[in-house]
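Student: Please take a close look at the metal site of this model. I would like one connected account of the site and then of the parts around it.

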Amino acid sequence: MQQTIRVTVWCEHNQDRYEPVSLVYPHGMHEAIAEGLRQVSDFQVRTVTQHDPECGLDNELISSTDVLIWWSHLDNNDLPDDLADRVCSHVLNRGMGLLVLHSAMFSKPWQKLMGIYPQPPGWGSFRTMPQGERQRLWVITPGHPIVQGIDACIEIPRDEMYGEPLLIPEPDKTLFISWFEGGDVCRSGCIFERGNGKIFLFTPGHETFPIYYQKEIRQVLKNAVRWLAPSGTGAFQPDVPYRDGTPKENLQHRL
Ligand code: ZN
């Protein structure tokens, strides 16, 4: 029997409370994302928003999350640093998976985990145009678990253009490269490992287009949750002594 994967969908829930985004996502973007995942019997899916106590990131909830999905945009900088650090700590130390969607590329947890010090228009930024272009996400690693069930490419009728250069660290693996009808390209599906945790960046998902209802996008998200779930045993033991039991060097003076 497969073990339940506990998924938390986190959303800032700002623009989707008002038109025009609320017309596309009447129950919020997080509920649309969660709806697709709830079709999987061994996923236990919860939703929280930035309006909840502790921005939806209280210790109990995050400690019982295997995979955290993150959509944010306008309120990225309103997230307190200590809560962003809490998310990073669970990824690095406990191996919680993190799925970063669209403009969450400007969120604090993502930037901290990637070592991005945002200094627009430089590192951490990229070219965007939200008018709505046709996008094709080409699968370039057909054997990877996250792209199973996906054809050669996913076509999204309209999405915000995210264009290269994406000023991000070199991914451990790139799964999708997007083409936009305006001629731009973008690494749209990238995986990273940080500490004990896995991270998947998936760039589609501008709020004014119904992208999280699309069958292929939901398939990628389901695959990603399964791949991101912690699989390790947490073998990292920083207090293991030196040979013959000599205590390891005390590094406090370097902090
Ligand atoms: Zn957008």
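**The zinc site**

Tutor: In this predicted model, the zinc ion is held by three residues, with His102 (NE2), Glu160 (OE) and His206 (ND1) as donors at 1.9 to 2.1 Å. Along the chain, the donors of the zinc ion are spaced as H-x57-E-x45-H. His102 sits in the loop between β4 and α5 (108–114), and His206 in the loop between β9 (197–202) and α6, so this pair ties together parts that are 104 residues apart in sequence. Both His102 and His206 are buried.

Strand β4 (97–101) and helix α6 (215–228) come up again with helix α2: the buried residues of α2 pack against β4 and α6, as well as against β1 (5–11), β2 (43–49) and β3. Helix α2 covers residues 29–37, and 7 of its 9 residues are buried. These are Met29, His30, Ala32, Ile33, Ala34, Gly36 and Leu37.

Strand β3 (67–71) leads to Thr65, which is placed in the loop between α3 (59–63) and β3. Thr65 counts as buried because its relative accessibility is 0%, and the cut-off for buried is under 20%. The side chain of Thr65 makes a polar contact with the side chain of Thr8, at 2.8 Å. Neighbours within four places in sequence aside, the residues in contact with Thr65 are Arg6, Thr8, Arg46, Arg94 and Met96.

Methods. Residues are numbered from 1 along each chain as its sequence is written. This is a predicted model: local features need pLDDT of at least 70, side-chain atom pairs count only at pLDDT 80 or more; totals for chains, interfaces and linings use all residues. Side-chain values use heavy atoms; hydrogens and water are left out. Helices (H or I, at least four residues) and strands (E, at least two) are DSSP runs, numbered from the N terminus. Buried means under 20% relative accessible area, exposed over 50%, partly exposed in between (1.4 Å probe, protein chains only). A polar contact is a pair of N or O atoms within 3.5 Å; within protein, one must be able to donate a hydrogen and the other to accept it, and residues adjacent in sequence count only if both atoms are side-chain atoms. Contact means heavy atoms within 4.5 Å. Donors are N, O and S atoms within 2.8 Å of the metal (3.2 Å for Na, K and Ca); water is not among the atoms, so sites may look incomplete.
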